Every structure is written in structure tokens, then in C-alpha cells.
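Grab a coffee and work through these exercises with the model open beside you. Each one sets a task and then walks through a solution.

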Amino acid sequence: MAILSVNAGSSTLKFSLYPLSAGQVQAQVLSGCIEGLEPGGAPEMTWNFQGQAYQKSLVLGTTSVFAQALLALRELLTELLGTAKIQAVAHRVVHGGAQYRASVVVSEAVLFDLMQLNSLAPLHQPHNLEGVRAFAKAFPEVPQVACFDTAFHASLPEVDYRFALPEALYAQGLRRYGFHGLSYQYVMGVLLAQSPRASGRVLMAHLGNGASLCAAKQGQSCSTTMGFSALDGLMMGTRPGTLDSGVMLYLLEQGWDHGRLQKMLYKQSGLLGVSGISADMRRLRADPSASAQLAVDIFTYRLQRECGAMVACLQGLDVLAFSGGIGEHDVTLRTELGQRLAWLGVVIDPVLNSQATGDQIMAIHAPESRVEVWVVPTDEGVVAAREAAKLLAA
């Protein structure tokens, strides 16, 4: 018996399989990704099973590409696992809104509610829900469980989640929700298991194509940089982060419509917008041009500035943790941020930092550092699997 965790995107399907024993989620036995599902793409499935990596090109038709990819995944599961039974499919769903503050077994009513949130996370939510529908058809007897990135932030205090807007707008759901919650839930669990100081004031940095910070006390989120949508806070790969709302008013006056604004905010800004080269931090690091360097500098500065705000909310700092593609692999970024937070007592050991390459949990602070610094490779899949297991048990 096992739980299948999935994360459906616009052109990718990430998956991982976790055995169940006495109702408890065990170590992952299979992980992989199907890429190239966009129109005109070259579909390919890669997976890791029992320590071995595999790769296979897929020949899919032009219609129902996602459904065909699921058939390929089901065939792979049958080939590798034989008669092992999938007990549930756990889906990462970015937005649960104010209504869904914990994971839930999906029904048509739940799907309808979640569809109303599509415009709040247009890069993720519609594709997450398409994945739920597709898996429900491919595995008709298996419960589909939605696990929300917003749920970890249900503990935010009202002073943090309220906007300074009229009460009528708040009643419509205009408030801060926060995201990357599955990642933060995993990282927080690891830190609590690794260090007694993690029950104090913790700052977690999930840095990737999407990026945010989360301040936590006693293991619970008390502030975060993303808000009503996944646009707020830090500069990201293609998103600008915090932006003066007057900019939007100005662009509306210039004749910009909703579609053009949405495309600019979600797909043409951030590292890509400033550099004009790429949204990939690795490529920008390797590019000697002034525009590439400026994009990296702005990203680092905005990270520093938002860290200051989070530390002010915490009134100090005991633990700093990095996760996400950039956070786990970019040694230079961690070095520079550590230097900029030296006033807090952060001292990063350069040797340990260089050894932290995202393949294991590592403490990278120097002995004299007043703040513990950790690199924690995140695992949203296992969090979703555990959430599904709890619902099955209930």
C-alpha cells in the first residue's frame, strides 16, 4: 500500500511514491517528473527507483496530453510495483482561500470552491485542479486529497493578514494568505527534530523561481512575505514581488488591460524582466553582463530587506534556514546574505557552506554564530503524503 504525491504544473507533472506501514508514511521509493506537456513540447519522463535513474521519451497525441501522460505514469507504476495498491493521491494545491485551512478529500463541491481562486494563482491553481480531475479519472476508486500551500499560514495573526482596506473588501476575501506552506511545514519539522532552538524564533527562506520568507515562533507561522496572491514579497524568477500599487494605476491610465498586466506581473518581471536574459539564477551568475549582475544584486538586496522585516516581527532570530532551488544550491547567495545579516550575529562557515549542495540537511553556521544557519532540502511530496495518510486514518 502506498500514497502517490503529485504536483501538476502547466507543462510538468512531478510525482513521488511513499509506502504505508501501519498507517505511517515510509521513505520515498519512487520519484520522477514528466516534462514537455505544453503544446508542441517533447514529452519525456524521468524517474528514480531504488537508487537508479531512468529516462524515457513519450509519444503523445495532440489532444488530452495530460491524460495520456497519466496513462504512461500508471503503466510505470504497474511495471515497477506490480499489485501494490495506491491508497490515495495527494495533490499540491497552491490556494485554499479562507475556507480550506487544512487538507481535504476532494469532491465536486470542493473543486468548484477551489476554481473560484484560479485568478489568485493563475500560474498554479488551474493546473493543480486539472491534475486532480485527471487523476480522478485515471484512478477512479482512489481518494484524491488536496493539500494547500496556504494551510501552514492559518496561524497568522489578524494584524498580519488584514489589509488596510474597507471592511466590505475583507468580507469578500481580500486578505493575506501566504504560500509555500507545504515546504515550510517540512522545513519546520526538520528543524524541530534537529535543534532545540527551532522552537524559538525561526526565519525560513524558500528561494526558487517562486520565492518567499516565513517567520515562525514555536513552530507556527506568524508572518510571511507572500500575501493575497503569489506576487507579493521577494523578487522572483518572473514575478516582481512587492510593487507600489500606484504602478498598476499608472499602467491602467496608459491603456493596459487585465491580460497584459497579468502577463507582465507573472511572466515578464523579476530576474527575467530586469536582466532581459533569463529567470534562472544559475545562468545569470555565469553571465558577465551588467544587466545580469543588476538582476542578481536586486534579488539579494530585496531578500536582505525582507529579512529585516521578518526579524522585526520575530523581535530577534535564533535559526535561519534555506530551502528551494536557489536556497539549497547557491553558495554565493547564502554567503552574501550571511554577511548582510552579520549585525544579528549570523556567521556562516565558508567550508560548511561550500559543502551544502542540496543533497542533505546541513548546519552551516560557524561555532561563534549567535544564529544557527541550516540548509534543508525541501520535500513537499512527503508532507502531502502524510496529510493524506492522516485523512485516511480519520
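**Exercise 1. Work out whether Pro350 is buried or exposed, and how far Pro350 is from Arg334 in space.**

Step 1: Pro350 sits in helix 14, residues 350-355. Helices here are DSSP runs of H or I with at least four residues, strands are runs of E with at least two, and both are numbered from the N terminus.

Step 2: Pro350 has 62% relative accessibility, so it counts as exposed. The cut-offs: buried is under 20% relative accessible area, exposed is over 50%, and partly exposed is in between, with a 1.4 Å probe and protein chains only.

Step 3: Go C-alpha to C-alpha, and Pro350 is 9.8 Å from Arg334, with their positions 16 residues apart in sequence. Try Leu37 instead, and the separation from Pro350 is 41 Å in space and 313 residues in sequence.

Before going on, a word on what you're looking at: this is a predicted model, where local features need pLDDT of at least 70 and side-chain atom pairs count only at pLDDT 80 or more, while totals for chains, interfaces and linings use all residues. Residues are numbered from 1 along each chain as its sequence is written, and side-chain values use heavy atoms, leaving out hydrogens and water.

**Exercise 2. Describe the surroundings of Arg334.**

Step 1: Find Arg334 in helix 13, residues 331-340.

Step 2: Its relative accessibility is 0%, so Arg334 is buried.

Step 3: Skip the neighbours within four places in sequence, then list the contacts (heavy atoms within 4.5 Å). Arg334 touches Phe322, Gly327, Glu328, His329, Ile348, Asn353, Ala356, Ile364 and Val375.

**Exercise 3. Say how helix 6 and helix 15 are oriented to each other.**

Step 1: Take helix 6 (residues 181-194) and helix 15 (residues 380-393): their axes come within 8 Å and cross at roughly 90°. Axes are lines fitted to C-alpha atoms, for helices over the stretch in contact, and angles run from 0 to 180 degrees between N-to-C directions.

Step 2: The two helices are therefore roughly perpendicular. That label covers 65 to 115 degrees; under 35 is roughly parallel, over 145 roughly antiparallel, and the rest oblique.

Step 3: Helix 6 brings Leu182, Ser183, Gln185 and Tyr186 to the contact, and helix 15 brings Glu380, Val382, Val383, Arg386 and Glu387.

Step 4: Sorted by class, that contact has four nonpolar, two polar and three charged residues. Nonpolar covers Ala, Val, Leu, Ile, Met, Phe, Trp, Tyr, Cys and Pro; charged covers Asp, Glu, Lys and Arg; the others, Gly among them, are polar.

**Exercise 4. Compare two residues with a positive phi, His180 and Gln315.**

Step 1: Most residues other than glycine have a negative phi.

Step 2: His180, not a glycine, has a positive phi of about 60°. It lies in the loop between helix 5 (167-171) and helix 6, and is buried at 6% relative accessible area.

Step 3: Gln315 also has a positive phi, near 60°. Its place is the loop between helix 11 (290-314) and strand 13 (319-323), and Gln315 is exposed, with a relative accessible area of 67%.
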